[in-house]
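Student: I would like to practise reading a fold from its model. Can we take it feature by feature?

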Amino acid sequence: MNSILILCGGHPFCCDDGFGYHVAKQLWDMDLPDNVEICECGYSASEVVFVIDGKDKMIFVDAYRSSKYEPGTVLKMTTEEMELHPKGITDVPKMHLLEV
């Protein structure tokens, strides 16, 4: 069975940026299959490479700034579809995850 990591980014006290944190809280309370691991990384996504290593699939949950969508829109995107510099702004601490 493939190992799946759901990596949730965000800070619990930062409005929109808390999105991933609150998703992780909900997922922890669910009865998920044994091959699914939840990791809440806050703003420290650069420090979780050891958690990502060896996983067959990673799902990253976070707030995302885009010039194409209205705030509050939920998106399912591949790395190829991600707009890396919407309006000249990038979430620098997490963009390196696209290379993993």
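Student: Which residues in H1 are buried?

Tutor: Keep in mind that this is a predicted model. In H1, the buried residues are Gly20, Ala24 and Leu27. Viewed down the axis of H1, the buried residues fall within an arc of 65°, so they line one face of the helix.

Student: What is the general idea behind that spacing?

Tutor: An α-helix has 3.6 residues a turn, so residues three or four places apart point the same way.

Student: What covers the buried residues of H1?

Tutor: The cover includes E1, E2 and E3. H1 lies across these strands, E1, E2 and E3, and runs at about 135° to E1.

Student: Let us take one residue on that helix. Where is Gly20 found, and which residues is Gly20 in contact with, leaving aside neighbours within four places in sequence?

Tutor: Gly20 is found in helix H1, which spans residues 19-28. Beyond those sequence neighbours, Gly20 is in contact with Cys8, Gly9 and Val61. Gly20 has 0% relative accessibility, so it counts as buried. Look also at Gly42: 22 residues separate Gly20 and Gly42 in sequence, and their C-alpha atoms are 8.0 Å apart in space.

Student: Now the sheet. What is the order of the three strands?

Tutor: The order is E2-E1-E3, in an open sheet with parallel pairing. E2 and E3 are the edge strands, and each pairs on one side only. From one strand to the next, the twist averages 20°.

Student: How many bridges join E1 to E3, and over how many do E1 and E2 pair?

Tutor: Five bridges join E1 to E3, residues 57-61, and the two run parallel. E1 and E2, residues 36-42, pair over six bridges, also in the parallel sense. Follow Leu5 for a concrete case. Its bridge partner in E2 is Glu37. In E3, the bridge partner of Leu5 is Met58.

Student: How should I think about side chains along a strand?

Tutor: In a regular strand the side chains alternate between the two faces of the sheet.

Student: How many of the six residues of strand E1 are buried?

Tutor: Five of the six residues in E1, residues 4-9, are buried, so the strand is largely enclosed by the rest of the structure.

Student: Next, the cysteines. How many disulfides does the structure hold?

Tutor: Zero. Cys8 is in no disulfide, and the nearest cysteine sulfur, in Cys41, is 7.7 Å away. Cys8 is buried, with a relative accessible area of 0%.

Student: Why does the sulfur of Cys41 make no bond with the closest cysteine sulfur?

Tutor: Because that sulfur, in Cys39, is 5.9 Å away, too far for a bond. The cut-off for a disulfide is 2.5 Å between sulfur atoms. Cys41 is buried too, with a relative accessible area of 9%.

Student: Step back to the whole chain. What pattern does the protein chain follow along the sequence?

Tutor: The pattern is β-α-β-α-β-α. The secondary structure comes to three helices and three strands.

Student: What share of the contacts between residues at least 6 apart join residues at least 24 apart?

Tutor: The share is 62%.

Student: What percentage of the 100 residues is buried, and what area does the protein chain expose?

Tutor: Buried residues make up 28% of the 100. The protein chain exposes about 7,100 Å², of which carbon and sulfur atoms supply 54%.

Notes:
Residues are numbered from 1 along each chain as its sequence is written. This is a predicted model: local features need pLDDT of at least 70, side-chain atom pairs count only at pLDDT 80 or more; totals for chains, interfaces and linings use all residues. Side-chain values use heavy atoms; hydrogens and water are left out. Buried means under 20% relative accessible area, exposed over 50%, partly exposed in between (1.4 Å probe, protein chains only). Contact means heavy atoms within 4.5 Å. Two strands pair if DSSP finds at least two bridges between them. Axes are lines fitted to C-alpha atoms, for helices over the stretch in contact, and angles run from 0 to 180 degrees between N-to-C directions. The arc is that of the directions from the helix axis to the C-beta atoms. Accessible areas come from the Shrake-Rupley method with a 1.4 Å probe; for residues, only the protein chains shown count as cover.
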